[in-house]
Amino acid sequence: MRFKRVVLTCLLLLNFMLLTSSNGQAQTLASARILSSAGPVEIERRAQEQPGALIKITYRVNDELVAGDVIKTYAGGRLVLGLADGSQAIIAEKTTVELTDLSKSPRTIFNMLRGKTRIKIEKVGGRPNPYRVNTPTTVIAVRGTLFDVLVTEQETQVFVHEGEVAVSNFARPDVMVILAPGQRTRVQQTQPPELPSRFQPNRNNEMFKPGQPERGPNDDRPHGGRDTGGQAPNQTGDADRRRQPDRDAQGDNVPDAKQSGGSPGGSPPGSGGHNDGGRKP
């Protein structure tokens, strides 16, 4: 009888150890892979021996990143991330994002703290592929699309090139706007998203083109090297590489649609637009 108790105790301890080991591995599962990097880029990872502390890590193209990693690009820096399903994200210069755990629901690519990103979500088997992107004020829900997110301390702007995106404010989750291709919105502080308006198709392209890093004589920040490996997400209007006037298309002042309390799968708003005055993010 005592022998059986000892065996049972050993089995319970073994199961506990296996479970703990499995959970530890789950915490380090890859969240994304570096497809390319150029200019001054820095990546920080949470130290296991010091919970909450971040340490700089060395990296190369094709390295896998994990949930909790923080990516920082400086002036002239640029990094392209790839997900397992083929989705990609360009992280432009002067941007900070924190990768999240894609195994949790709702799946969130990253928390975007500041800067500019262009994200391409691939459909799976021709079906929508739900993801989210969070900013300090905004929840952006996507199902398979190409869109830009621009974040400053005061506001978040979202521009949709393909597909459909639902945008809401953390402080006002009951108010949501649905963006169709060619539409944008702005979310300020605790205010609900603005009504959708039109923008020029290639307005933001210059922000996401590969460029030469701007490094001063005493700049010791990390340098990502040549932009190699992987393909960047499609850029709307790539055939026209010239800088476009920094203003939206002129036209009427009627917004595209009313704010909606619907879901990301709701019908896209109608066409139309207003001039946003060319306000840069």
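User: What makes strand 7 and strand 9 count as paired in this predicted model?

Analyst: Four bridges join strand 7 to strand 9 (residues 108–120). Pairing needs at least two bridges, so the two strands pair. They run antiparallel. One contact to look at: Gln88 has Lys120 in strand 9 as its bridge partner.

User: How do you know that strand 6 pairs with strand 7?

Analyst: By the cut-off of at least two bridges. Four bridges join strand 6 (residues 78–82) to strand 7, and the strands run antiparallel. Leu79 has Ile91 in strand 7 as its bridge partner. The two strands form a hairpin with five residues between them. Gly86, in the turn, has a positive phi of about 95 degrees.

User: Which residues cover the two faces of strand 7, and are they buried or exposed?

Analyst: Gln88 and Ile90 lie on one side, Ala89 and Ile91 on the other. All are buried, which means under 20% relative accessible area.

User: Why is Asn62 called partly exposed?

Analyst: Its relative accessibility is 48%. Buried means under 20% and exposed means over 50%. Asn62 falls in between, so it is partly exposed. Asn62 lies in the loop between strand 3 (54–56) and strand 4 (64–66). Its phi is near 80 degrees, a positive value in a residue other than glycine.

User: Why is Lys94 called partly exposed?

Analyst: Lys94 has a relative accessible area of 44%. That lies between the 20% and 50% cut-offs, so Lys94 is partly exposed. Lys94 is in the loop between strand 7 and strand 8. Its phi is positive, about 55 degrees, although Lys94 is not a glycine.

Technical notes: Residues numbered from 1 in each chain as written. Predicted model: local features only at pLDDT ≥ 70, side-chain atom pairs only at ≥ 80, totals over all residues. Heavy atoms only, no water. Buried < 20%, exposed > 50% of the residue type's maximum accessible area, 1.4 Å probe, protein only.
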